[in-house]
Amino acid sequence: MSRLVVLLVIMGGIMTASAGNFYNDVDVTWGDGRAKILEGGRSLSLNLDQYSGSGFQSKNMYLFGRFDMQLKLVPDNSAGTVTTFFLASEGPEHDEIDFEFLGNASGQPYTVHTNVYSKGKGDKEQQFQLWFDPTSAFHTYSIVWNPQKIIFLVDNIPLRVFNNNKGLGIPFPENKPMRVLCSLWNADDWATQGGRVKTDWTKAPFTAYYRNVNFDGHACAQTASGLSCNSQSTSGSDAPAWKTQELDGNARNRLRWVHSKHMIYNYCADNNRFPQGISIECSKTKF
């Protein structure tokens, strides 16, 4: 293991999100008892069996913010399962910012699938394989969403940056408040090696764990006069760090390392999928 990998793993081990409470922050939305809030609201488990998965969503909608969650993913043979942590708006032509963790056979790495939707259109996928075992301990996954960019982070290490390129005609999610949603479900028609490896139901129930929920954004609510969003973030700050967050030199170096060593799919390099030409923002983005 290289010195850089050791440093990143150590940093990941000490990076902990400021903890909220699942009773206060989320609603269980589906699963018929398969989602359980534990430890007085400090953690939550999602279960999947051959009959159903389970999921929850944030009580609030947010327009921009930083959203942290610690996850411990399904261990051993997790093929066919998908564990998620994402933001999504409601209604037609929705916006969405995705972390999806695609299970695999025992001993093979998880695939982290990321995507950004705006006005109902995605096709901005990038996929990575993690440099640690995400099933043996909790790790922090974060989405920073501000008017300039979206940053995906793992243990505070940048995994991906999606910039606001609406000036190039590329839609960017900036007008529709989103909820945080998390789920565990079966997708063995596509999730593991394109659907070639199916879910082994003799291993069910499958369980993923969430803890240290921390949502800091401009909370929005429906009022008689329409949707209203707070000018302060939920942390009480008028100028939270996430609002103008950029990558410094060290963060850019880590991003280069992740992309060179752990990226396994990039829509910007898939000429077969996009024979009409790669999306214009790809030529404007270094990573």
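The following dialogue concerns aromatic pairs and two annotated glutamates in a predicted model.

Biologist: How is a pair of aromatic rings described?

Modeller: Two quantities serve: the distance of the centres and the angle of the planes. In this structure there are 16 aromatic pairs. Take Phe67 and Phe215: their ring centres lie 6.1 Å apart with the planes at 55°, so this pair is classed as tilted.

Biologist: Which parts of the chain does that pair link?

Modeller: Distant ones: Phe67 belongs to strand S5 (residues 61–72) and Phe215 to strand S14 (residues 206–223), and the two are 148 residues apart. Phe67 and Phe215 are both buried.

Biologist: What is the geometry of the pair formed by Phe99 and Phe152?

Modeller: Phe99 and Phe152 are edge-to-face, with 5.3 Å from centre to centre and 90° between the planes. This pair also links distant parts of the chain, with Phe99 in strand S7 (residues 96–102) and Phe152 in strand S11 (residues 149–154), 53 residues apart. Both Phe99 and Phe152 are buried.

Biologist: Which residues form one aromatic cluster?

Modeller: The cluster consists of Phe85, Phe99, Phe101, Tyr141 and Phe152. It therefore includes the two rings of the edge-to-face pair.

Biologist: Which residue lies over the face of Tyr209?

Modeller: That residue is Lys72, at 5.8 Å from the ring centre of Tyr209.

Biologist: Where does UniProt place the feature "active site"?

Modeller: The unreviewed UniProt entry places it at Glu96 and Glu100. Glu96 is located in strand S7, and Glu100 is in strand S7 as well.

Biologist: Is Glu96 buried or exposed?

Modeller: Glu96 has a relative accessible area of 14%, and is therefore buried, the cut-off being under 20%. Its side chain makes a polar contact of 2.8 Å with the side chain of His94.

Biologist: With which residues is Glu96 in contact, leaving aside its neighbours within four places in sequence?

Modeller: With that exclusion, Glu96 is in contact with Phe86, Leu87, Ala88, Asn115, Val116, Tyr117 and Met178.

Biologist: Is Glu100 buried or exposed?

Modeller: Glu100 is buried, because its relative accessible area is 13%. Leaving aside neighbours within four places in sequence, the contacts of Glu100 include two tryptophans, Trp185 and Trp190. Val82, Thr83, Thr84, Thr111, Val112 and His113 are also in contact with Glu100.

How values were computed
Residues are numbered from 1 along each chain as its sequence is written. This is a predicted model: local features need pLDDT of at least 70, side-chain atom pairs count only at pLDDT 80 or more; totals for chains, interfaces and linings use all residues. Side-chain values use heavy atoms; hydrogens and water are left out. Rings of Phe, Tyr and Trp (its six-membered ring) pair if their centres lie within 6.5 Å; planes under 30 degrees apart count as stacked, over 60 as edge-to-face and the rest as tilted. Helices (H or I, at least four residues) and strands (E, at least two) are DSSP runs, numbered from the N terminus. Buried means under 20% relative accessible area, exposed over 50%, partly exposed in between (1.4 Å probe, protein chains only). A charge sits over a ring if NZ of Lys or CZ of Arg is within 6 Å of the ring centre and within 35 degrees of the ring normal. UniProt positions are given in the numbering used here, feature names are shortened, and annotations may be inferred rather than shown by experiment. Contact means heavy atoms within 4.5 Å. A polar contact is a pair of N or O atoms within 3.5 Å; within protein, one must be able to donate a hydrogen and the other to accept it, and residues adjacent in sequence count only if both atoms are side-chain atoms.
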